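Got the viewer open? Keep the selection box handy, and we'll go from stop to stop.

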Amino acid sequence: MRKWITQPIIGLWKQQIPGFEVYITPRFADAMAIAEAGADIIAIDATLRNRPNGETINTLIPQIQQELGKQVMADVDTLEVAIAAVKAGADFVGTTLYGYTKDTENYTPPGFELLEKMVKKLEVPVICEGGISSPQHAQKAIELGAYAVVVGTAITGIDIQVKNYQTALMEVKTFGS
Ligand SMILES: CC(=O)N[C@H](C=O)[C@@H](O)[C@H](O)[C@H](O)COP(=O)(O)O
């Protein structure tokens with residue numbers, strides 16, 4: 001992508017590491033690979049859960065900024081985690097993990113409530129990511145003060161969308177026959 005566009009790219013690397021729940025850019029080594037691939041902003045899981053090699057957001061965020069010269073987007077699930085990430089130096093925070101951690105498993109993205117709280121409390125730009133599935137959702141996020149909106153599955157998840165149509169139509173067929 002870097003070769004074709006000049007717009008800023010947010011990069012991340014999902015890595016499942018046995019024994020750890022953190023999987024979005026869990027280690028500095030992962031961030032390094034993303035930086036080499038041409039990302040301008042590196043998104044990391046900024047929750048306070050354990051990560052490999054004893055790394056923490058307090059070591060990882062400054063290291064990415066100082067050694068790689070990249071900005072950091074902190075993917076968070078709660079306001080407390082967002083505050084800690086900003087304290088550690090995060091340049092952006094995102095609602096990415098709202099609904100995807102033990103602390104938020106009873107909530108469903110988009111995290112508009114979290115977005116509102118973060119916009120009110122934090123000095124850094126807040127990105128609304130996760131569960132944005134219509135232009136109206138995106139509009140609402142911006143109205144609530146989001147600096148930017150990330151749309152994933154609703155645009156790129158063609159396999160999921162086809163499956164949803166298939167499931168819905170199978171139900172009609174089963175119940176209707
Ligand atoms: C929780 C997690 O792992 N989120 C990931 C973040 O990198 C991606 O799988 C999501 O697609 C992205 O956040 C956009 O969300 P949605 O696909 O709902 O628009």
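**Stop one: a helix pair**

Select α3 (residues 79-87) together with α4: the two axes come within 10 Å of each other and cross at roughly 35°. Bear in mind that you are looking at a predicted model. The α3/α4 crossing is right-handed. To see what makes the contact, show side chains for Leu79, Ala82 and Ile83 on α3, and for Leu114, Lys117, Met118 and Lys121 on α4. Colour the contact of α3 with α4 by class and you get five nonpolar residues, two charged ones and no polar ones.

Now stay on leucine 79, which sits in helix α3. Is leucine 79 buried, exposed or partly exposed? Leucine 79 has 17 other C-beta atoms within 10 Å, and burial takes 20 or more while exposed means 12 or fewer, so leucine 79 comes out as partly exposed. Setting aside neighbours within four places in sequence, leucine 79 touches Leu114, Lys117, Met118 and Lys121.

**Stop two: another helix pair**

For a jump, draw a C-alpha to C-alpha distance from leucine 79 to phenylalanine 28: they are 24 Å apart in space and 51 residues apart in sequence. Phe28 brings you to α1, where Phe28, Ala31, Met32 and Ala35 meet Leu60, Gln63, Ile64 and Leu68 of α2. By class, that α1/α2 contact holds seven nonpolar residues, one polar and no charged. The axes of α1 and α2 are 10 Å apart, at an angle of about 35°, and α1 passes α2 in a right-handed crossing.

**Stop three: the sheet**

Keep α1 on screen and add the strands: α1 lies across β1 and β2, and runs at about 155° to β2. Next, select the whole sheet. It is open, with six parallel strands in the order β1-β2-β3-β4-β5-β6. Which strands stand at the edges? β1 and β6 (148-150) do; each has a single partner strand, so one side of each has no neighbour in the sheet. Zoom in on the β6 edge, where β5 (residues 126-129) pairs with β6 in the parallel sense over three bridges. One residue pair to label there is glutamate 129 with its bridge partner in β6, valine 150.

**Stop four: backbone oddities**

Most residues other than glycine have a negative phi, and most peptide bonds are trans. Here are some exceptions to click on.

- Threonine 25, in the loop between β1 (10-11) and α1 (28-37), has a positive phi of about 45° despite not being a glycine. With 28 other C-beta atoms within 10 Å, threonine 25 is buried.
- Asparagine 53, in the loop between β2 (41-45) and α2 (57-68), also has a positive phi, near 60°. Asparagine 53 counts as exposed, because it has 11 C-beta neighbours inside 10 Å.
- Proline 110, in the loop between β4 (92-94) and α4 (112-121), follows a cis peptide bond from proline 109, with omega near 5°.

**Last stop: the ligand**

Finish by selecting the ligand and the residues around it. How many residues surround the ligand? There are 14, and the closest are Tyr100, Gly130, Gly131, Gly152 and Thr153. Coloured by class, the shell shows eight nonpolar residues, five polar and one charged.

Terms used:
Residues are numbered from 1 along each chain as its sequence is written. This is a predicted model: local features need pLDDT of at least 70, side-chain atom pairs count only at pLDDT 80 or more; totals for chains, interfaces and linings use all residues. A residue is near a molecule or strand if its C-beta atom, placed from the backbone, lies within 6 Å of it. Ala, Val, Leu, Ile, Met, Phe, Trp, Tyr, Cys and Pro count as nonpolar, Asp, Glu, Lys and Arg as charged, and the others, Gly among them, as polar. Helices (H or I, at least four residues) and strands (E, at least two) are DSSP runs, numbered from the N terminus. Axes are lines fitted to C-alpha atoms, for helices over the stretch in contact, and angles run from 0 to 180 degrees between N-to-C directions. A crossing is left-handed if the near helix is turned anticlockwise from the far one by less than a right angle, and right-handed if clockwise. Two residues are in contact if their C-beta atoms, placed from the backbone, lie within 7 Å. Two strands pair if DSSP finds at least two bridges between them.
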